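Grab a viewer and a notepad, and let's work through a few exercises together. Try each task yourself before you read the solution.

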Amino acid sequence: MYRDQRMIDTDHLKLLSIFHFIGAGFALLGLVFLFFHFAMMRLVFTSPEFWEGTSHPARPMPPAEIMSVLKWIYLAGALWFVASCVLNILSGLFLRAEKHRTFSLVVAGLNCIHMPLGTILGVFTMIVLMRPTVQHGYHFRS
């Protein structure tokens, strides 16, 4: 059976759009995990009751500076997950509308950092968006 290449490209772009929305969902899950991890680490590093039960005199409560450094690390991670979520949602919308191809290519490159699923999504997005027929379709719609 012969299928028109334009129909194949449209189907692939729809699938990539859905997977970008799923990637945004994974970023939200990562943000929730990060929040719970922060809460647990905050309990460990700031609660003297947690350290009172230790039988080792060589295990004093950690210095407060550790938690102040960790707050910045957690904040950077949270910003990364929020940015990843927003960028993937926008890219999914743009793929569905077949607009802003360069933006979706940049987001695909950033997705490659999220191993292994983001890497797969990023590579396949790049492969589809670099096809001459897809490039022509984007230029035709502009």
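The exercises below cover helix packing, salt bridges and some backbone oddities.

**Ground rules**

This is a predicted model, where local features need pLDDT of at least 70 and side-chain atom pairs count only at pLDDT 80 or more, while totals for chains, interfaces and linings use all residues. Residues are numbered from 1 along each chain as its sequence is written, and side-chain values use heavy atoms, with hydrogens and water left out.

**Exercise 1. Work out how H1 and H3 are oriented towards each other.**

Step 1: find the elements. H1 covers residues 5-46 and H3 covers residues 64-97; helices here are DSSP runs (H or I, at least four residues), numbered from the N terminus.

Step 2: get the geometry. The two helices pack at about 165 degrees, and their axes are 8 Å apart. Axes are lines fitted to C-alpha atoms over the stretch in contact, and angles run from 0 to 180 degrees between N-to-C directions.

Step 3: classify. That angle makes H1 roughly antiparallel to H3 (under 35 degrees is roughly parallel, over 145 roughly antiparallel, 65 to 115 roughly perpendicular, the rest oblique). The crossing of H1 and H3 is left-handed, meaning the near helix is turned anticlockwise from the far one by less than a right angle.

Step 4: look at who sits in the contact. Its residues split into 23 nonpolar, eleven polar and four charged (Ala, Val, Leu, Ile, Met, Phe, Trp, Tyr, Cys and Pro are nonpolar, Asp, Glu, Lys and Arg charged, the others, Gly among them, polar).

**Exercise 2. Do the packing of H3 against H4 in the same way.**

Step 1: H3 and H4 pack at about 140 degrees, with axes 9 Å apart.

Step 2: that makes H3 oblique to H4, and H3 passes H4 in a left-handed crossing.

**Exercise 3. How many salt bridges does the whole structure have, and which parts do they link?**

Step 1: set the criterion. You need a side-chain nitrogen of Lys or Arg within 4 Å of a carboxyl oxygen of Asp or Glu. A search of the whole structure gives two hits.

Step 2: take glutamate 98 and arginine 6, which meet at 2.3 Å, N to O. Glutamate 98 is in the loop between H3 and H4 and arginine 6 is in H1, 92 residues apart. At 6% relative accessibility glutamate 98 is buried, whereas arginine 6 is partly exposed at 26% (buried is under 20% relative accessible area, exposed over 50%, partly exposed in between, with a 1.4 Å probe and protein chains only).

Step 3: take arginine 131 and aspartate 9, whose closest N and O atoms are 2.7 Å apart. Arginine 131 lies in the loop between H5 and H6 and aspartate 9 in H1, so the pair ties together parts 122 residues apart in sequence. Aspartate 9 is buried, at 0%.

**Exercise 4. Track down the unusual backbone values in the loops.**

Step 1: recall the norm. Most residues other than glycine have a negative phi, and most peptide bonds are trans.

Step 2: check phi. Glutamate 98, just after H3, has a positive phi of about 55 degrees. Histidine 100 also has a positive phi of about 55 degrees; it sits in the loop between H3 and H4 and is partly exposed at 48%.

Step 3: check omega. A cis peptide bond joins methionine 115 and proline 116, with omega about -5 degrees. Proline 116 is in the loop between H4 and H5.
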